[in-house]
Amino acid sequence: MSRSIVRQSKFRHVFGQPVKTEQGYDDIRVSKVTWDSSFCAVNPKFLAVIVESSGGGAFLVLPLSKMGRLDKNHPLVTGHAGPVLDIDWCPHNDNILASGSEDCTAMVWQFPDQMGTRPISEPIVVLEGHSKRVGIITWHPTTRNILLTAGSDNLIIIWNVGTGEPLITMDDHPDLIYNVCWNRNGSLFCTTCKDRRLRVCDPRKREVVAERMAPHEGIRPMRAIFTRDGNLFTTGFTRMSQRELGLWDPTNFEEPIALLELDTSNGVLLPYYDPDTNMVYLCGKGDSSIRYFEITDEPPYVHYLSTFSSKEPQRGMGFMPKRGVDVSKCEIARLYKLHDKKCEPIAMTVPRKSDLFQDDLYPDTAGPDPALEPEEWLEGRDEDPILQSMRDGYVPPKSRELKVAKKNVLDSRPTTRRSMSSCDGSTNLPVSHCLSECLSFG
């Protein structure tokens, strides 16, 4: 008697379901900038989308509850002098968002729970340190007020947005940086670059601790993210321009753990990773489908699960943090798909008959509380995210104001640039000197 062996997984039957039309967000003019970012950021309170605007750059911030057709008078966020390229919500404060732009600056914004009717043009912090456009913005996963920016000047700068000053500058990349991703506790980050190298960097030592030349042989852009166990998941292209994904152990970069060819298409695959389920969702720019995979310890290590398909191609995608999903419907992920003129939420659901809380689907997940202060992280401490139970669903925390300690306003010199040059990797000053220089404020 022959038995076909099917791999057991509780996520084998996950299916994607778009919301009803009236639960989407309509009349949004999504940006047409040619930049491979997701153009969309979402958290349990707000949806933010980079939009078309004349004279400078703008993005839109909507409370999640404000579904349907966009009010023509809804205010835009218009502080940048050039097109906005990337946005990211702070993981420790749902009312704080950072943006990067072609105007060479990054800005940090605070939004009230109830949005007003006037355009918002005053950020709470302006971060000036890049000499070319700022295309990548990403918050530290466990430390309060630490933000990483990467620009077309090939620089990576790590800021303390509480003081508005740069703490660490790295210039290890000889060419354009495609993406940056922190590991789970924020002790390392990985980058992909136009020089076709995948790097793992230790920011506090200001050095590249591991690198791999051409994890994908094609010359088109790559993406890389850390998994929860410290491996690297990458997407790229083969020499014949087929799209490909890989799984790598950064302590042994010689051979991939897994390498899988997918299809022939031009769109860069943007990976969105859920550390609680160890699932990764691949969304290609210009694709009309979302593929999802489960990463395990058993061969072939990266297991294809299914594909969500629709008729219209996606311009970008937002990924909801786990604490914002609906546990009562066995929803394990929610993606926000950008079309030309609208944003469509897509719920990824595990089919279950019981209405009870499903413990196996919802392990404790990263909550909004930071595990470290900036000074502790700079001194070398690492902490995993502070976890919270999903049993009672999502309860929005009260809006907390970001306190920014500003320098003496009479000191009109460009303090950010001065403190950056004294703290970059080219000097031989001890770290303690740099910290006292960067963290002192009047």
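This passage walks through a predicted model, from the whole chain down to two single residues.

At the level of the whole chain, strands dominate the list of elements: there are 32 of them, alongside three helices. The chain has 442 residues, and 56% of these count as buried. Its accessible surface comes to about 19900 Å², with 48% of that area belonging to carbon and sulfur atoms. Contacts also reach across the sequence. Among contacts with a separation of 6 or more, 53% are made by residues 24 or more positions apart.

A good place to begin a closer look is strand β18, which covers residues 197–202. Five of its six residues are buried, leaving the strand mostly covered. On one side in sequence comes β17 (residues 189–193), which pairs with β18 in the antiparallel sense over four bridges. Within this pairing, T192 stands opposite L198 of β18. The two strands form a hairpin with three residues between them, and in the turn R196 has a positive phi of about 70°.

Strand β18 is also joined to β19 (residues 207–213), again in an antiparallel arrangement, here through six bridges. C201 has V208 in β19 as its bridge partner. This pair of strands makes a hairpin as well, with four residues between the strands, and R206 takes a positive phi near 55°. Strand β18 thus has pairing partners in both β17 and β19.

Turning to single residues, T149 is found in strand β13, which spans residues 146–151. T149 counts as buried because its relative accessibility is 0%, and the cut-off for buried is under 20%. The side chain of T149 makes a polar contact with the side chain of H130, at 2.8 Å. Beyond residues up to four places away in sequence, T149 touches A106, H130, V134, I136, I137, L155, I156, I157 and W159.

I120 offers another setting, in the loop between β10 (105–110) and β11 (125–128). With a relative accessible area of 21%, I120 is partly exposed, because that value lies between the 20% and 50% cut-offs. I120 and V77 are 43 residues apart in sequence, yet their C-alpha atoms are 4.7 Å apart in space. V77 is also among the contacts of I120, which include L76, T78 and G79. W109, F111 and M115 are in contact with I120 too, once neighbours within four places in sequence are left aside.

Terms used: Residues are numbered from 1 along each chain as its sequence is written. This is a predicted model: local features need pLDDT of at least 70, side-chain atom pairs count only at pLDDT 80 or more; totals for chains, interfaces and linings use all residues. Side-chain values use heavy atoms; hydrogens and water are left out. Buried means under 20% relative accessible area, exposed over 50%, partly exposed in between (1.4 Å probe, protein chains only). Contact means heavy atoms within 4.5 Å. Accessible areas come from the Shrake-Rupley method with a 1.4 Å probe; for residues, only the protein chains shown count as cover. Two strands pair if DSSP finds at least two bridges between them. A polar contact is a pair of N or O atoms within 3.5 Å; within protein, one must be able to donate a hydrogen and the other to accept it, and residues adjacent in sequence count only if both atoms are side-chain atoms.
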